[in-house]
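Here are my notes on the model you sent over. Have it open while you read.

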Amino acid sequence: MLRIGLLGAGRIATVHARAISAHAKSQLCTVSDVFPEAAETLAASFGAEVRSSEDVLADPSIDAVLIATPTDTHSDLIEAATQAGKAVLCEKPVDLSLQRARSCLAAVKDADQPVMIGFNRRFDPTFTAMKTAVAAGEIGKPELLAITSFDPAPPPVDYVKVSGGLFRDMMIHDFDMANYLMGETPVTISAVGSAIVDPAIGAAGDVDTAAVTMTYADGRIAVIKNSRRAVYGYDQRVELLGSDGLLQAQNMLENTLVKSTTTGVTGAKPTYFFLERYMPAYEAEWNAFVQVMTEGADVPVTLEDGVAALAMAEAATRSHQSGQPVALSEVE
Ligand SMILES: NC(=O)c1ccc[n+]([C@@H]2O[C@H](COP(=O)([O-])OP(=O)(O)OC[C@H]3O[C@@H](n4cnc5c(N)ncnc54)[C@H](O)[C@@H]3O)[C@@H](O)[C@H]2O)c1
């Protein structure tokens with residue numbers, strides 16, 4: 001049985017606590033949070049102990065830690081955990097700073113511990129099936145990728161201020177999805193963005209609506225659209241056109257009832273948000289990490305993958321600011 005320490009006891013930590021406890025080969029042993037009450041509430045629900053992060057890392061009986069703290073703590077905790085001999089599953093993004101993420105990558109390169117980054121969408125059954133079909137050559141060569149990723153409603157402005165901005169916080173998932181499906185990173189990135197959903201987001205220096213175009217070395221193209229507001233629910237669709245066909249990943253719906261009458265044909269809305277849509281993905285993500293730990297499986301989403309997506313977010317941020325396409329190779 002793998003003994004797990006959970007660092008952070010907020011929104012996403014609660015999701016992971018459930019997956020860790022539900023897995024037959026892992027046990028949630030400790031929970032840490034800078035707010036002890038948050039840690040106590042979560043620990044009590046799962047029969048875990050509350051400990052400081054330092055105590056957890058110093059405890060030789062803990063095999064791995066799941067880092068679900070705010071983004072600006074990730075690199076420091078990844079380094080501390082690997083130095084303490086713990087395997088790591090860390091939430092996205094690796095850091096707010098690309099430079100810091102790269103120094104973290106260099107620091108843990110020789111550590112003999114697996115580090116996995118929490119791009120949970122790779123484990124969504126529909127996107128996994130899409131990747132499997134692409135890898136099997138079922139649509140020939142993928143040539144044009146279109147990702148739609150709309151949240152139902154914007155986050156509080158206090159969150160926006162510390163999030164690193166839409167490209168690093170939200171679109172980072174889509175950058176990783178593009179890398180996963182296209183099998184390589186793009187060469188250039190062009191971004192536009194506006195704050196038209198909530199002016200307070202604009203006042204905080206961020207955007208809530210954005211579109212990115214990416215080109216690949218051989219001329220292939222990817223397009224990503226993000227919005228912080230889709231009044232009908234969480235809109236998560238991917239379309240991939242290949243030389244021999246098309247793959248389309250549709251939304252998960254609240255139910256599958258379709259009503260056809262003289263006035264038209266209607267169906268249910270998409271599920272509300274990421275907790276509803278991606279719960280099976282978080283469970284599969286944890287199972288993949290357990291397989292790394294227990295069966296020596298390859299790390300399916302590496303720290304390098306996390307840094308690659310962050311570099312794309314950095315390029316998109318710069319392109320939005322400058323109005324010019326940015327070559328990924330120029331992003332320091
Ligand atoms: N993969 C996903 O779908 C997904 C979804 C939401 C959030 N996230 C990521 O997860 C991370 C956390 O987001 P959240 O929404 O759960 O935030 P949150 O604010 O709800 O939770 C973070 C918790 O960490 C605690 N904390 C802060 N510093 C700490 C430290 N040094 N040690 C221990 N605890 C500390 C805070 O007190 C808070 O309780 C972010 O990096 C975010 O980008 C990923």
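The points below go from the domains to the core, the sheet and two helices.

1. Ground rules. This is a predicted model, in which local features need pLDDT of at least 70 and side-chain atom pairs count only at pLDDT 80 or more, while totals for chains, interfaces and linings use all residues. Residues are numbered from 1 along each chain as its sequence is written.

2. Domains. The chain is assigned domain 1 (2–113) and domain 2 (122–277 + 309–330); such bounds come from an automatic or database domain assignment. Their C-alpha centres are 27 Å apart. Ten residues of domain 1 touch ten residues of domain 2, where contact means C-beta atoms, placed from the backbone, within 7 Å.

3. Core. The largest nonpolar core (buried Ala, Val, Leu, Ile, Met, Phe, Trp, Tyr and Cys residues joined through C-beta atoms within 7 Å) has 86 residues, and Val88 and Met171 have the most contacts inside it. Helix α12 (residues 303–322) gives the largest share, eight residues. Both domain 1 (2–113) and domain 2 (122–277 + 309–330) contribute, so this core lies between them. Setting aside neighbours within four places in sequence, Met171 has contacts that include Leu166, Ile224, Ala313 and Ala316.

4. Labels. Helices (H or I, at least four residues) and strands (E, at least two) are DSSP runs, numbered from the N terminus. Two strands count as paired if DSSP finds at least two bridges between them.

5. Sheet. Seven strands form an open sheet with mixed pairing, in the order β12-β11-β7-β10-β9-β8-β15. Why do β12 (245–249) and β15 (326–327) each have one side without a neighbour in the sheet? Both stand at the edges with a single partner strand, so that side is left open. Inside the sheet, β8 (residues 188–194) and β9 (residues 209–215) pair in the antiparallel sense over seven bridges, with Ser194 opposite Thr209 in β9.

6. Helix α1. This helix (residues 11–22) has twelve residues and reaches 18 Å from first C-alpha to last, close to the 16 Å expected at 1.5 Å a residue; the expected span is 1.5 Å times one less than the number of residues. Its buried residues are Ala13, His16, Ala17, Ala19 and Ile20. Buried means 20 or more other C-beta atoms within 10 Å of the residue's own, exposed 12 or fewer, and partly exposed in between, with C-beta atoms placed from the backbone. Among the elements covering them are β1 (2–7), β2 (26–32) and α11 (274–295).

7. Ala106. Is this residue of helix α5 (residues 98–108) buried or exposed? Ala106 is exposed, because 9 other C-beta atoms lie within 10 Å.

Notes
Two residues are in contact if their C-beta atoms, placed from the backbone, lie within 7 Å.
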